[in-house]
Amino acid sequence: MPIELYRQGSHLCLMFSNLTQEDGEAVQSNQFLLVHGATGAILDPGGNLAYNELYLGLTRHMPPHKLAAILASHADPDIIASLDRWMTATTAPVYISRIWERFAPHFCKPGKTVGRIIGLPDAGARLRLGQGEADGFELWALPAHFLHAEGNFQFYDPVSRILFSGDLGASLGADLQPGQTVTRLAGHIRHMEGFHRRYMVSNKVLRLWAAMVRELDIAMIVPQHGAPLAGAAVPDFIAWVEGLACGIDLMSASHYRLPA
Ligand SMILES: [Fe+2]
Ligand SMILES: [Fe+2]
């Protein structure tokens, strides 16, 4: 069953978190369905492991042809490896960084994505999705380049005030419950630290990101792996990554030696 992150009026945010298991062969990941009136969007729909459940979840809320958008934070396999199937099952366009626009079609059979991919510029955009008074809604694509992919976006929903943060904020671990929202960061850092040190590119980018998102009113930061962050964990997470050395900060000549 999906987790309801937000429900108010005709606006609903659902998280599917158990389509892949942490102790299985594939990393646990979250997929998202945003419903607004008679339409909506899927966000980081994932790979083929996640497709069936998410598709079923979608059909419970709208006819698939009503889907307004498929949003991809970046082009990793756990983000959009199922793209071919979504191209067949819906008529929605895919929003992805311009720098992945011509790479994403490799997930699909030839011709499947023609005219369906909308490349997001580096600066991001306030996307208008759906149509009309009742079904129109806004989602903001925020620049999050190098966190971790070179062309990387996070999606902010101004209605629920949820920041869908992609791989940033991810938590991993067999004893972790993705369905349990974290409000105290201290005990949660052990689930995040190793991942962020290796997968995030540099502290400089984290600091730029922190300055940007402090301008937003954020109720929840919801990552693509692991548990959502809310309450005090939101500002605490922003402060934690702002001071985190990661990626190229930690690389030295010792990491670039010919293997013995
Ligand atoms: Fe990724
Ligand atoms: Fe990921």
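These questions and answers cover the two iron sites and the salt bridges of a predicted model.

User: Which residues coordinate the iron ion (ligand 1)?

Analyst: The donor atoms lie at 2.1 to 2.2 Å from this ion. In sequence their residues follow the spacing H-x1-D-x71-H-x18-D. The donors are His74 (NE2), Asp76 (OD), His148 (NE2) and Asp167 (OD).

User: Is the arrangement around the iron ion (ligand 1) tetrahedral or irregular?

Analyst: Four donors count as tetrahedral if all angles lie between 85 and 135 degrees. Here the four donor atoms subtend angles of 86 to 175°. The upper end of that range makes the arrangement around the iron ion (ligand 1) irregular.

User: How many residues apart are histidine 74 and histidine 148?

Analyst: Both coordinate the iron ion (ligand 1) through NE2, a site with donor angles of 86 to 175°. Histidine 74 sits in the loop between strand 5 (67–71) and helix 2, and histidine 148 in the loop between strand 9 (137–143) and strand 10. The pair links distant parts of the chain, and the separation is 74 residues.

User: Are histidine 74 and histidine 148 buried or exposed?

Analyst: Residues under 20% relative accessible area count as buried. Histidine 74 falls in that class, and so does histidine 148. Both are buried.

User: Which residues are the protein donors of the iron ion (ligand 2)?

Analyst: The donors lie 2.1 to 2.2 Å from the ion. Their spacing in sequence reads D-x88-D-x56-Q-H. They are Asp78 (OD), Asp167 (OD), Gln224 (OE1) and His225 (NE2).

User: Why is the arrangement around the iron ion (ligand 2) irregular?

Analyst: A tetrahedral label for four donors needs all angles between 85 and 135 degrees. The iron ion (ligand 2) has four donor atoms. The arrangement is irregular because they subtend angles of 83 to 172°.

User: Which residue bridges the iron ion (ligand 1) and the iron ion (ligand 2)?

Analyst: The two ions lie 3.5 Å apart. One residue is listed among the donors of ligand 1 and among those of ligand 2. The bridge is aspartate 167.

User: How many residues apart are aspartate 78 and histidine 225?

Analyst: Both are donors of the iron ion (ligand 2), whose donor spacing is D-x88-D-x56-Q-H. Aspartate 78 lies in helix 2 (residues 77–80), whereas histidine 225 is in the loop between strand 12 (220–223) and strand 13 (229–230). Aspartate 78 and histidine 225 are buried. Their separation is 147 residues.

User: What parts of the chain does the salt bridge of lysine 112 and aspartate 84 tie together?

Analyst: The whole structure holds seven salt bridges. In one of them, lysine 112 and aspartate 84 meet at 3.0 Å, N to O. The parts tied together are the loop between strand 6 (94–97) and strand 7 (117–120), which holds lysine 112, and helix 3 (residues 83–89), which holds aspartate 84.

User: Is aspartate 84 buried or exposed?

Analyst: The cut-off for buried is under 20% relative accessible area. Aspartate 84 has 10%, while its partner lysine 112 is partly exposed at 23%. Aspartate 84 is buried.

User: What is the distance between the closest N and O atoms of arginine 214 and glutamate 242?

Analyst: Arginine 214 is partly exposed, with a relative accessible area of 46%. Glutamate 242 is also partly exposed, at 26%. They form a salt bridge, and the closest N and O atoms are apart by 2.8 Å.

Notes
Residues numbered from 1 in each chain as written. Chains lettered and ligands numbered in written order. Predicted model: local features only at pLDDT ≥ 70, side-chain atom pairs only at ≥ 80, totals over all residues. Heavy atoms only, no water. Donors = N, O, S within 2.8 Å, 3.2 Å for Na, K, Ca; no water. Tetrahedral: all angles 85-135°; square planar, octahedral: opposite > 155°, others 65-115°. Helix = DSSP H or I, 4+ residues; strand = E, 2+ residues; numbered from the N terminus. Buried < 20%, exposed > 50% of the residue type's maximum accessible area, 1.4 Å probe, protein only. Salt bridge = Lys/Arg side-chain N within 4 Å of Asp/Glu carboxyl O.
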